[in-house]
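Reader: I would like to learn how to read burial, aromatic pairs and pockets in a model, so could we take these topics in turn?

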Amino acid sequence: MKTLLTTAAALLALSSTAVFADGDADKGEKDFKKCKSCHEITDPDGEKIVKGGKTGPNLWGVVGRQAGTEADFEGKYSDVMVEAGEAGLVWDEEALIEYLPDPTAYLEEVSGDDSGKSKMTFKLKKGAEDVAAYLATFGDGGEEGDSDS
């Protein structure tokens, strides 16, 4: 019985892909420079917190938002992103930490659709927990950043 419990615990630990690291929002602000070629952070009043591209959606309030639902980006999301949102994906720090290193693989797993690709082709190899912590500072309950970068 002890062997069975040990084996079950080991399998559970190996099958878990969740990352529970605490991110550093200050480091994330620096790492976000890689993201701003496609994304901006603009508050609901139109103030640009971080000037960036418009290839991707505005990331103000992304933490707490259902995937694939940013109103100003409607119709531009990949099908698999919309499917993931419809399947219940709401962005939180843990989901972003898992998403950023391989967006397509993550969305395939969450949506159950392995025929689609994320339009986000960039893979953030290091610092996902920091970028997630940084993004969590913008939106409902977040602190407004003061970055002009």
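Author: Let us begin with burial: in the protein, 38% of the 149 residues are buried, a word that stands for under 20% relative accessible area, with over 50% called exposed and partly exposed in between (1.4 Å probe, protein chains only). This is a predicted model, in which local features need pLDDT of at least 70 and side-chain atom pairs count only at pLDDT 80 or more, while totals for chains, interfaces and linings use all residues. Residues are numbered from 1 along each chain as its sequence is written, and side-chain values use heavy atoms, with hydrogens and water left out.

Reader: Which pattern does the protein follow along the sequence?

Author: The protein reads α-α-β-β-α-α-α-α, where helices (H or I, at least four residues) and strands (E, at least two) are DSSP runs, numbered from the N terminus.

Reader: How is a pair of aromatic rings described, and how many aromatic pairs are there here?

Author: A pair of aromatic rings is described by the distance of the centres and the angle of the planes. The rings of Phe, Tyr and Trp (its six-membered ring) pair if their centres lie within 6.5 Å, and planes under 30 degrees apart count as stacked, over 60 as edge-to-face and the rest as tilted; by this rule the count is seven aromatic pairs. One of them joins tryptophan 60 and phenylalanine 138, a tilted pair with 5.8 Å centre to centre and 55° between the planes. That pair links distant parts of the chain, since tryptophan 60 lies in the loop between strand S2 (48–50) and helix H3 (79–86) and phenylalanine 138 in the segment after helix H6 (128–135), 78 residues apart. Tryptophan 60 and phenylalanine 138 are both buried, and Phe32, Trp60, Tyr134 and Phe138 form one aromatic cluster.

Reader: How should I look for empty space, and which residues lie nearest the centre of the largest pocket?

Author: Rolling a probe the size of a water molecule over the atoms shows where empty space is left. On a 1 Å grid over the protein atoms alone, a pocket is an open set of points where a 1.4 Å probe fits, with protein on both sides within 12 Å along at least five of seven lines, and lining residues have an atom within 4 Å of a point. The largest pocket is lined by 33 residues, with His39, Gly56, Pro57, Tyr99 and Met120 nearest its centre.
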